[in-house]
Amino acid sequence: MVRGDTLSAIAKKYYGDASKYPKIFEANKPMLSDPDKIYPGQKLRIPPL
């Protein structure tokens with residue numbers, strides 16, 4: 001992750017659809033308490049669709 005990344009932008013990149021960000025959030029819930037609170041350098045799991 002880099003500064004300015006959002007879960008929506010990551011979902012758009014990997015899934016082609018920004019609205020699929022909850023799937024990434026759910027897969028990373030042990031590390032994330034809020035989908036708006038992600039930080040540079042953080043490693044996220046990107047689950048298959």
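**Exercise 1. Find what share of the protein's 49 residues counts as buried, and describe its overall make-up.**

Solution. Of the 49 residues of the protein, 24% count as buried, where buried means under 20% relative accessible area, exposed means over 50%, and partly exposed lies in between (1.4 Å probe, protein chains only). The structure is a predicted model, in which local features need pLDDT of at least 70 and side-chain atom pairs count only at pLDDT 80 or more, while totals for chains, interfaces and linings use all residues. Residues are numbered from 1 along each chain as its sequence is written, and side-chain values use heavy atoms, with hydrogens and water left out.

The next step is the secondary structure, which comes to two helices and zero strands; helices (H or I, at least four residues) and strands (E, at least two) are DSSP runs, numbered from the N terminus. Taken along the principal axes, the C-alpha atoms fill a box of roughly 20 × 20 × 15 Å. The protein exposes about 3500 Å², of which carbon and sulfur atoms supply 53%; accessible areas come from the Shrake-Rupley method with a 1.4 Å probe, and for residues only the protein chains shown count as cover.

**Exercise 2. List the residues of the largest nonpolar core, and state which elements give two or more residues to this core.**

Solution. A nonpolar core is a set of buried Ala, Val, Leu, Ile, Met, Phe, Trp, Tyr and Cys residues joined through side-chain atoms within 4.5 Å. The largest such core has nine residues, namely L7, I10, A11, Y15, I24, F25, L32, I38 and L44. Two elements, α1 (7-15) and α2 (21-27), give two or more residues to this core, and α1 gives the most, with four residues. In soluble globular proteins, nonpolar side chains tend to be buried together.

**Exercise 3. Work out why the buried residues of α1 line one face of the helix, and what they pack against.**

Solution. Begin with the buried residues of α1, which are L7, I10, A11 and Y15. Seen down the axis of α1, these buried residues fall within an arc of 100 degrees, so they line one face of the helix; the arc is that of the directions from the helix axis to the C-beta atoms. An α-helix has 3.6 residues a turn, so residues three or four places apart point the same way.

The buried residues of α1 pack against α2. Y15 touches K20, K23, I24, I46, P47 and L49, not counting residues up to four places away in sequence, where contact means heavy atoms within 4.5 Å. Just after α1, G16 takes a positive phi of about 75 degrees.

**Exercise 4. Decide whether F25 and P22 of helix α2 are buried or partly exposed.**

Solution. F25 lies in helix α2 and, at 11% relative accessibility, counts as buried. Leaving aside its neighbours within four places in sequence, F25 is in contact with L7, L32, S33, D34 and P35. Although F25 and R45 are 20 residues apart along the chain, their C-alpha atoms are separated by 9.0 Å.

P22 also has its place in helix α2, but P22 is partly exposed, with a relative accessible area of 37%. The C-alpha atoms of P22 and Q42, which are 20 residues apart along the chain, are separated by 17 Å.

**Exercise 5. Describe the surroundings of N28 and Q42 in the segment after α2.**

Solution. N28 is found in the segment after α2 and is buried, with a relative accessible area of 0%. Apart from neighbours within four places in sequence, N28 is in contact with K43, L44 and R45.

Q42 lies in the segment after α2 as well, and Q42 is buried with a relative accessible area of 7%. A polar atom of the side chain of Q42 lies 3.1 Å from the backbone nitrogen of Y39. With neighbours within four places in sequence left aside, Q42 is in contact with M1, M31 and L32.

**Exercise 6. Locate the two salt bridges of the structure and state how accessible their residues are.**

Solution. A salt bridge is a side-chain nitrogen of Lys or Arg within 4 Å of a carboxyl oxygen of Asp or Glu, and a search of the whole structure finds two. D17 forms a salt bridge with K20, the closest N and O atoms being 3.9 Å apart; D17 is partly exposed at 27%, and K20 is partly exposed at 33%. The side chains of E26 and K29 also meet in a salt bridge, at 3.4 Å from N to O, with E26 partly exposed at 47% relative accessibility and K29 partly exposed at 43%.

Terms used. A polar contact is a pair of N or O atoms within 3.5 Å; within protein, one must be able to donate a hydrogen and the other to accept it, and residues adjacent in sequence count only if both atoms are side-chain atoms.
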